[in-house]
Amino acid sequence: MPAITPISEENRAALVCDDNVERAEAAEGALEDLAYKVQRAGSPEDVSDKLKYDQYDVVYVHDSFGGGNSENNEVLEIIQSMPISARRKTFVALAGTKYTTLDHMAAFAESVNIVINEADMPEMKAILKKSIPTNYLFYKVYNEILRESGKA
């Protein structure tokens with residue numbers, strides 16, 4: 001398996017997984033405004049290929065992407081099977097109609113960093129602008145200890 005491409009502070013990457021063009025464009029716009037280089041996935045298989053070869057700082061997934069739903073989403077299964085060292089560096093935002101935006105228990109239950117109700121998509125930039133740095137700070141000490149011990 002080829003080495004995963006590292007992402008630097010100047011080269012932050014995001015992956016958008018949403019079949020709905022309007023929502024996907026809203027997510028892309030929010031991420032581009034936050035200085036991410038954005039790619040759009042065409043299918044769950046495409047997501048699997050992209051995650052094998054590249055490290056994404058942010059992955060936005062709508063729970064209906066690729067014909068999935070909140071109980072059975074192939075992309076979430078792919079993300080959950082990622083090596084923990086890569087998963088820890090990837091901020092995952094899950095959107096759908098059943099979620100209350102920023103519901104931490106729902107995010108925990110879905111094994112993602114945040115959940116967003118799709119009605120709140122116009123506020124996605126503000127939500128991500130606050131949530132991503134908070135997540136980074138949460139894991140900062142943990143990641144530093146791993147680096148110092150040679151495990152990251």
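Arg40 lies in strand S2 of this predicted model. With a relative accessibility of 34%, Arg40 counts as partly exposed, because the value falls between the limit of 20% for buried and that of 50% for exposed residues. Once neighbours within four places in sequence are set aside, the contacts of Arg40 are Leu15, Val16, Val21, Ala24, Glu25, Glu28, Asp46 and Lys50. Along the chain, Arg40 and Asp19 are separated by 21 residues, and their C-alpha atoms lie 9.6 Å apart in space.

One of the partners of Arg40 is Glu28, a residue of helix H1, which spans residues 21–33. Glu28 counts as buried, since its relative accessibility is 14% and the limit is 20%. Beyond residues up to four places away in sequence, Glu28 touches Val16, Val38 and Arg40. Val16 thus appears in the contacts of Glu28 and also in those of Arg40.

Helix H1 also holds Arg23. The relative accessibility of Arg23 is 16%, so this residue counts as buried. Not counting neighbours within four places in sequence, Arg23 is in contact with Asp18, Tyr60, His62, Ser64, Glu118 and Met121.

A further charged residue, Glu74, is found in helix H3, residues 74–80. Glu74 is partly exposed, at 37% relative accessibility. Its contacts, apart from neighbours within four places in sequence, are Pro44 and Glu45. Asp54 is 20 residues from Glu74 along the chain, and the distance between the two C-alpha atoms is 18 Å.

The accessibilities of these four residues are set out below.

| Residue | Relative accessibility | Class |
|---|---|---|
| Glu28 | 14% | buried |
| Arg23 | 16% | buried |
| Arg40 | 34% | partly exposed |
| Glu74 | 37% | partly exposed |

**Backbone angles**

Most residues other than glycine have a negative phi. Ala35, although not a glycine, has a positive phi of about 75 degrees. Ala35 belongs to the loop between H1 and strand S2, the latter covering residues 37–40. At 52% relative accessibility, Ala35 is classed as exposed, because the value is over 50%.

Ser111 likewise has a positive phi, near 60 degrees, in a residue other than glycine. The loop that holds Ser111 runs between H5 and strand S5, residues 114–117. Ser111 has a relative accessible area of 38% and is therefore partly exposed.

**The second largest pocket**

The second largest pocket encloses about 590 Å³ of space. Its lining is made up of 20 residues, and those closest to the centre of the pocket are Val112, Asn113, Asn135, Phe138 and Tyr139. Three elements give two or more residues to this lining: helix H4 (84–87), helix H5 (104–110) and helix H6 (124–148). The largest share, seven residues, is contributed by H6. By residue type, the lining of the second largest pocket comprises 10 nonpolar, seven polar and three charged residues.

**The chain as a whole**

Six helices and five strands are present in the chain. Read from the N terminus, their order is β-α-β-α-β-α-α-β-α-β-α. The chain has a radius of gyration of 15 Å, close to the 15 Å given by the globule rule for 152 residues, so the chain is as compact as a globular protein of that length. Taken along the principal axes, the box filled by the C-alpha atoms is roughly 45 × 30 × 30 Å.

Buried residues account for 44% of the 152 residues in the chain. Glu28 and Arg23 are among those that count as buried. The accessible surface of the chain amounts to about 8,500 Å², and carbon and sulfur atoms hold 52% of this area. With regard to contacts, when pairs of residues at least 6 apart in sequence are considered, 59% join residues at least 24 apart. The contacts of Arg23 with Tyr60, His62, Ser64, Glu118 and Met121 are examples of pairs drawn from separate parts of the sequence.

Key
Residues numbered from 1 in each chain as written. Predicted model: local features only at pLDDT ≥ 70, side-chain atom pairs only at ≥ 80, totals over all residues. Heavy atoms only, no water. 1 Å grid on protein atoms, 1.4 Å probe; cavity = no way out; pocket = protein on both sides within 12 Å on 5 of 7 lines; lining within 4 Å. Points joined across faces, edges and corners; volume = space filled by probe spheres on them. Helix = DSSP H or I, 4+ residues; strand = E, 2+ residues; numbered from the N terminus. Rg over C-alpha atoms; globule rule 2.2 N^0.38 Å. Buried < 20%, exposed > 50% of the residue type's maximum accessible area, 1.4 Å probe, protein only. Contact = heavy atoms within 4.5 Å. Areas by Shrake-Rupley, 256 points an atom, 1.4 Å probe, with all protein chains shown as cover.
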